[in-house]
Structure formats: C-alpha cells, structure tokens
Amino acid sequence: MKTKKKSKFMTFCFSFIPGGGQMYMGFMKTGLSLMLLFALTIIVASWTNQGALATICVVEWFYSFFYTNHLASLDDEEFSQVEDTYLFGLDSIPRINILGEKYHKWVAVILIFIGVCFLWNSLADLLYDVLPQGYRFLSNIMWRIGNYVPSVLIGVAIIALGLKMLEGKKITLERPAKEDEQDVEETRKIVDTFYRDVEEKEEK
C-alpha cells in the first residue's frame, strides 16, 4: 500500500486506535507493529495477572497518537521521505535472521510454554462446566495453578536474567583490574632491571 496523506479529520479519528492512523495513511508495517505491541501488552498483563504492565499501554497509545498526528502535519516533501518500517527498525538490524536461527530453540520453548498454558486454562474451564458440583474444586485448583505459575516462572526468568547480566558486568570489571596488575608487575621488572644494570656498571 502506497503511503499518502489523507483527510486530516479521518486521520485524527484513526489516531485514537494504536497503529490505526499509520495504517490509514499507508504505513502498514509501522501501524501493524504498534497494533500488535498494544494488543500483546494487554494479553501479557491479563495473562500474568500483572495489572501494572497495563500502564505500558498508556505510553504506547500516546506514542501512536502523537506520531500519527506528527505525520499528518508534515508537508508533502517531508511526508514522502518517511519510510514505512517495522517498529524499532527490526527489519534493518544486521544479522537479524542469523540471530533468529541461533535462538530458535528458545523461541520454540516459549511458544510451547504459552500453548500449554492456554490449553491448561481451557481444560480447567471445560472441567468446571462438565464436572458435578461436588468436584468443581478440581477445576478451581487447576485455574489457580494456571493463573499463578506463569507469573512465578516469568518472575524467576527475569531475576535469572538480571543475575546473569550482573555476572557479566562483574567479569568485565575484573578484567581491567587484572590487566592493571600485569602492567604494574611489568613496570616493576623494568625498574628492577634498570637499577641492576646501574649497580653492575658502578661496580665495574
């Protein structure tokens, strides 16, 4: 779809939908990225039972709204120079395909985990509908497990990632210290050699 400046009123109306204004003007990649990001944030926030994540939607909405109206305010020459790219320029990152191939196993594990969680919750809802009243506690137990386990696992993964980053930072800081010690030792050897030569000359 070719990008084109259209009705300012309709652009303003569509700008209230994250990604909708960009798609209306023909920026399909940008609009699709914003819309998917907005929807994904809501899904993750509700799925993990972390309402605080929903505040990110506010930032995404304001970004989409003002970016759409900024595009609409450009003159024709500036507007024609705006490129339609995916969010954060992912399509222009060098070796992005290689990275995807390198970490495809992790992506597969995450997708399988999400699929299992959805299947687990669906099964819990099904049991609640088909089980007699006295056995519905099983469905409630399954629902609680499916509701809290993803939050716990995601929290553990975030903590593990943070500890890994701290460990990497510690190694980076230790290396210069070791290099400084080596420089001091080499300098000491040079000074000792110099004084030894001076003493030998004086004895002669």
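**Exercise 1. Which residues make up the largest nonpolar core, and how many are there in all?**

The model is predicted, so local features need pLDDT of at least 70 and side-chain atom pairs count only at pLDDT 80 or more, whereas totals for chains, interfaces and linings use all residues. Residues are numbered from 1 along each chain as its sequence is written, and side-chain values use heavy atoms, with hydrogens and water left out.

Step 1. A nonpolar core is a set of buried Ala, Val, Leu, Ile, Met, Phe, Trp, Tyr and Cys residues joined through side-chain atoms within 4.5 Å, where buried means under 20% relative accessible area, exposed over 50%, and partly exposed in between (1.4 Å probe, protein chains only).

Step 2. The largest such core has six residues in all, namely Tyr24, Met25, Phe27, Leu71, Leu74 and Phe79.

Step 3. With contact taken as heavy atoms within 4.5 Å, and residues up to four places away in sequence not counted, Phe27 touches Thr3, Gln22, Leu71, Phe79, Val82, Glu83 and Asp84.

**Exercise 2. Compare the span of helix α3 with its expected value, then describe Leu37.**

Step 1. Helices (H or I, at least four residues) and strands (E, at least two) are DSSP runs, numbered from the N terminus; the protein chain has eight helices and zero strands.

Step 2. The expected span of a helix is 1.5 Å times one less than its number of residues, so the 20 residues of α3 (residues 28-47) should span 28 Å, which agrees with the 28 Å between its end C-alpha atoms.

Step 3. Buried residues of α3 are Thr30, Gly31, Ser33, Leu34, Thr41, Ala45 and Trp47, whereas Leu37, found in the helix, is partly exposed because its relative accessible area is 28%.

Step 4. Leu37 touches Glu60 and Leu87, not counting residues up to four places away in sequence, and its C-alpha lies 9.0 Å from that of Pro18, a residue 19 places apart from Leu37 in sequence.

**Exercise 3. Identify the nonpolar surface patch and the helix that gives the most to the patch.**

Step 1. Patches are made of residues with over 30% relative accessible area and no salt bridge (a side-chain nitrogen of Lys or Arg within 4 Å of a carboxyl oxygen of Asp or Glu); nonpolar side chains (Val, Leu, Ile, Met, Phe, Trp, Tyr) are joined within 5 Å, and like charges within 9 Å.

Step 2. Trp120, Tyr135, Phe137, Leu138, Ile141, Ile145, Val149 and Leu153 form the patch, together having about 720 Å² of accessible area (Shrake-Rupley method, 1.4 Å probe; for residues, only the protein chains shown count as cover).

Step 3. Helix α8 (residues 136-203) gives the most, with six residues; Ile141 is placed in this helix and is partly exposed, with a relative accessible area of 45%.
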